[in-house]
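Biologist: Could you take me through this model step by step, giving the reasoning behind each answer before the answer itself?

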Amino acid sequence: MQDKVYRCSFIINSMVGGSPTSYSDDNILVHVKNVDGLSGSQLAHTHTFFEFDIVIAGEGINRSAKGETVIRPGDVIFGTPASIHSITTCEDTGMVVANIAFKGKFEQSVIQAFNTLEGFILRLSEKEFEFVCSEIDGMIGCDILDTSKKKMFVKGSAEKIIAVISDAYERSNIGEKTAGTDSKVYSAIIYIMKNYNKPIKIADVARHVGYSEDHLGVLLKKSTRMTFTSYLLTLRLENAFFLLMENELNIGEICNEVGYSSYPNFYNAFKKRFGIAPGEIARRSRRENLECFAKNNGQKPLIYDENNTIIWR
């Protein structure tokens, strides 16, 4: 671990020395944070952007509807605007996590680099991790005074990080790639991810990207293997399942959070999808719930480690 602290010297030292720990412009936000017992990262949360959480030091657990994964230095968690997750530390330990969020013009660059609609977790090689850490160091520690030149420097570092993580993702074979997706369909998918909990229709998405409803419907089905309605329903119900499992909101709040104005409609859709009523989630063990989720989403059986923690990679 000492060599990693040395190579991330600016990041680690800034956590205790009062130096800057973040950078932000209209396309990129970089923030290095301590995750501990009081951290808000413990709460299930979503966001309106694509992001990397890169574990710099310490150990913890990432929780999402797809399972629980122990995360360690060199692990990268890729989140989409429709991904709800939480990061917690292991007992008696803390973590340092570098978060890189992509906004505006960078969104399509990120989704095209990975060619996937799903969040994922992967582990970088030693060499890749060292390189990513050095680039994050440079982004946060950059002392270029000219704003436009500084943005260009940070943009270049972000593109290098994306390329390295994309290469690691290609080697990992951990997710399904989308095929034949053009830039407007990416824009449509991003729009749906950001607005899935609102009363949107395919007409709204088609108008946003400048396609006819029928043409967009065909392209969406090719990319997501689902109709617009099924894709929207999947985002809503999968996130509802996780929020119910985390038990941080009551059922009525979760119903509204994922875009349902009618509880009976939510109840019926949830039970049809998962075979159980929403209220049953709180009465079941996490292992039972995650196995139910995997079974009803056609996913591989979950694998457990020696501590009975679910490993999902």
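Biologist: How many salt bridges does the structure hold?
Modeller: The model is a predicted one, and a salt bridge is counted where a side-chain nitrogen of Lys or Arg lies within 4 Å of a carboxyl oxygen of Asp or Glu. On that criterion, the number of salt bridges in the structure is 9.

Biologist: Which residue forms a salt bridge with Arg-72?
Modeller: Arg-72 sits in the loop between β5 (67-71) and β6 (75-79), and its partner lies 13 residues away, in the loop between β3 (50-58) and β4 (60-64). Arg-72 is partly exposed, with a relative accessible area of 34%, and the partner is partly exposed as well, at 29%. The closest N and O atoms of the pair are 3.2 Å apart, and the residue that bridges to Arg-72 is Glu-59.

Biologist: Asp-75 and Arg-123 also meet in a salt bridge; is Asp-75 buried or exposed?
Modeller: The N to O distance in this bridge is 2.6 Å, and the pair joins strand β6, which holds Asp-75, to strand β9 (residues 120-123), which holds Arg-123, across 48 residues of the chain. Arg-123 has a relative accessibility of 41% and therefore counts as partly exposed. Asp-75, by contrast, has a relative accessibility of 0%, which falls under the 20% limit, so Asp-75 counts as buried.

Biologist: Which helix holds Arg-171, the residue whose side chain meets that of Glu-128?
Modeller: The two side chains form a salt bridge at 2.9 Å, N to O. Glu-128 counts as buried at 11% relative accessibility, whereas Arg-171 counts as exposed at 52%. Because Glu-128 lies in helix α4 and its partner in another helix, the bridge ties together parts that are 43 residues apart in sequence, and the helix that holds Arg-171 is α5 (residues 147-172).

Biologist: How many residues of strand β8 are buried?
Modeller: Met-95, Val-97, Asn-99 and Ala-101 point one way from β8, while Val-96, Ala-98, Ile-100 and Phe-102 point the other way, and all of them are buried. Strand β2 (residues 28-35) pairs with β8 in the antiparallel sense over 8 bridges, with Leu-29 opposite Ala-101. Strand β3 is likewise antiparallel to β8 and joined to it by 8 bridges, with Val-55 opposite Val-97. The strand is thus largely enclosed by the rest of the structure, the count of buried residues being 8 of the 8.

Biologist: Why do α7 and α8 count as roughly perpendicular to each other?
Modeller: The contact is made by Ile-202, Ala-203, Val-205, Ala-206 and Val-209 of α7 together with Glu-213, Leu-216 and Gly-217 of α8, and by class it has 6 nonpolar, 1 polar and 1 charged residues. The axes of helix α7 (residues 202-209) and helix α8 (residues 213-224) are 9 Å apart. Angles of 65 to 115 degrees count as roughly perpendicular, and the two helices therefore qualify with an angle of about 95°.

Biologist: What is the phi of Arg-225?
Modeller: Most residues other than glycine have a negative phi. Arg-225, found in the loop between α8 and α9 (228-246), counts as exposed at 56% relative accessibility. Although Arg-225 is not a glycine, its phi is positive, at about 65°.

Terms used. Residues are numbered from 1 along each chain as its sequence is written. This is a predicted model: local features need pLDDT of at least 70, side-chain atom pairs count only at pLDDT 80 or more; totals for chains, interfaces and linings use all residues. Side-chain values use heavy atoms; hydrogens and water are left out. Axes are lines fitted to C-alpha atoms, for helices over the stretch in contact, and angles run from 0 to 180 degrees between N-to-C directions. Helices (H or I, at least four residues) and strands (E, at least two) are DSSP runs, numbered from the N terminus. Angles under 35 degrees count as roughly parallel, over 145 as roughly antiparallel, 65 to 115 as roughly perpendicular and the rest as oblique. Contact means heavy atoms within 4.5 Å. Ala, Val, Leu, Ile, Met, Phe, Trp, Tyr, Cys and Pro count as nonpolar, Asp, Glu, Lys and Arg as charged, and the others, Gly among them, as polar. Buried means under 20% relative accessible area, exposed over 50%, partly exposed in between (1.4 Å probe, protein chains only). Two strands pair if DSSP finds at least two bridges between them.
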